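Here are my notes on the model you sent over. I went through the sheets, the helices and the aromatic pairs, one point at a time.

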Amino acid sequence: MPTASGTGPLAGLRIVHTRPRDQSGNFEERIRALGGIPEIAPAIAIGPPADPAPLDAAIAHLGEFDWIAFTSANAVRAVADRAAAAEVGRDAFVNVRLAAVGLATADALAQTLRAPDFVAQVSTARSLGEELPLRRGERVLVPRGDLAQDAFADALAARGATPYVVPAYRTVPGPGIPQVLAGLRASSTDALLFASGSAVRFVADALDDTVARSLKAGRPAIFCIGPSTARAAESAGFAPAAIAGAATQDALIDAVAEWFSARQAGDA
């Protein structure tokens, strides 16, 4: 069982992260360093698209695009995996410009394909669509998940670009949802962390009335990685205790630590 150090702003608090384990990075180490008890309970899982043919065709014709715009690290990994399966090497991505929605997506690009040519200053899909330095008529490949919203493609089209949206992966309920529910029913969870709107919706869909009322009353405290995730939480009737100052996991953990520190100071 995970244990806490007993000191720090999260001393003795159970902090539950709903991200997949392979995307949780140093979450456990950071929470323990802050005195908390970390728990990873994936509320989403990532799978291949129902039909990979459109993505495979796009990868086979990369030269027809001016940009490939990635709005998540999952999209990066999906493209990299399909390219590798088709024996399309990194060199094929040299002559098409790559854009990333934020630092985590940029890091995934640098590790799998190459460093991006552009990273949005504000880490949202809509902001990437508005900030991307493109000309009218340019063709933008948009590999994305099956549950992604149209804000990004709409922003590109409004600027005169031609977005080509292809499904790159599926997002499905994760294996950690029963674990999340068990912690909520036992009132053993002090903070519930969300890094995507999909995770919020899958957890919300699984709640019974008693647990839903508790979450809507702010027990446990809910923390969101960015404004779009926060909007999903609010749509589900949850009031986020805090939103990360940047769309990174470290910023999300910082927000948790700061919120509990402030609460403890208020109780002193």
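1. One cut-off before anything else: a residue is called buried when its relative accessible area is under 20%, exposed when that area is over 50%, and partly exposed in between. Phe260 comes out at 2%, so it counts as buried. Keep in mind that this is a predicted model.

2. Staying with Phe260, look at its neighbour in the aromatic pair. Trp259 has a relative accessibility of 26% and is therefore partly exposed. The ring centres of Trp259 and Phe260 are 4.9 Å apart and the planes stand at 90°, so this is an edge-to-face pair. Phe223 belongs here too, since ring pairs link Phe223, Trp259 and Phe260 into a cluster.

3. How many aromatic pairs are there by the ring-centre rule? The count is 4. Between Phe65 and Tyr164 the centres are 5.6 Å apart with the planes at 75°, so that pair is edge-to-face. Phe65 sits in the loop between helix H2 (53–60) and strand E4 (67–70), while Tyr164 is in strand E8 (residues 162–173), so the pair ties together parts that are 99 residues apart in sequence. As for exposure, Phe65 is buried at 9% relative accessibility, whereas Tyr164 is partly exposed at 30%.

4. Now the parallel sheet. It is open and has 5 strands, in the order E2-E1-E9-E10-E11. Its edges are strand E2 (37–40) and strand E11 (242–243), each of which pairs on one side only. Strand E9 (residues 191–194) and strand E10 (residues 221–224) run parallel and are joined by 4 bridges. Within that pairing, Leu193 has Phe223 in E10 as its bridge partner. Helix H10 (residues 227–235) packs on this sheet and touches E9, E10 and E11, with its direction at about 145° to that of E10.

5. What about the E2 end of that sheet? Strand E1 (residues 14–17) runs parallel to E2, with 4 bridges between them. Opposite His17 stands Ile40 in E2. In a regular strand, side chains alternate between the two faces of the sheet. In E2, Ile37 and Glu39 point one way and Pro38 and Ile40 the other, and all are buried. I'd have a look at Glu39 in the viewer, given that it is on that buried list.

6. The other sheet to check is also open, with 6 strands in the order E3-E8-E7-E4-E5-E6 and mixed pairing. Here E3 and strand E6 (118–119) are the edge strands, each pairing on one side only. E3 and E8 run antiparallel and share 4 bridges. Gly47 stands opposite Arg170 in E8. Helix H8 (residues 197–206) lies across E3 and E8, at about 40° to E8. Helix H3 lies across E3, E4, E7 and E8, at about 100° to E8.

7. H3 deserves its own point. Does its length look regular or irregular for a helix? The 13 residues of H3 (residues 73–85) should span 18 Å at 1.5 Å a residue, and the end C-alpha atoms are 18 Å apart, which agrees. Its buried residues include Ala73, Val76, Val79 and Ala83. The buried residues pack against strand E3 (44–47), H2, E4, helix H4 (103–112), strand E7 (139–145) and E8. Just after the helix, Glu87 takes a positive phi of about 60°.

8. How do H2 and H3 sit against each other? Their axes are 10 Å apart and they pack at an angle of about 75°. That makes H2 roughly perpendicular to H3. The contact uses Leu55, Asp56 and Ile59 from H2, and Ala78, Val79, Arg82 and Ala83 from H3.

9. Last, a residue in H4. Is Thr105, which is located in helix H4, buried or exposed? Thr105 has a relative accessible area of 4% and is buried. Leaving aside residues up to four places away in sequence, Thr105 touches Phe70, Thr71, Ser72, Ala73, Val76 and Ala100. Two of these names, Ala73 and Val76, are also among the buried residues of H3.

Key: Residues numbered from 1 in each chain as written. Predicted model: local features only at pLDDT ≥ 70, side-chain atom pairs only at ≥ 80, totals over all residues. Heavy atoms only, no water. Phe/Tyr/Trp six-rings, centres within 6.5 Å; stacked < 30°, edge-to-face > 60°. Helix = DSSP H or I, 4+ residues; strand = E, 2+ residues; numbered from the N terminus. Buried < 20%, exposed > 50% of the residue type's maximum accessible area, 1.4 Å probe, protein only. Pairing = 2+ DSSP bridges. Contact = heavy atoms within 4.5 Å. Axes fitted to C-alpha atoms, helices over the stretch in contact; angles between N-to-C directions. Expected span 1.5 Å × (residues − 1). Parallel < 35°, antiparallel > 145°, perpendicular 65-115°, else oblique.
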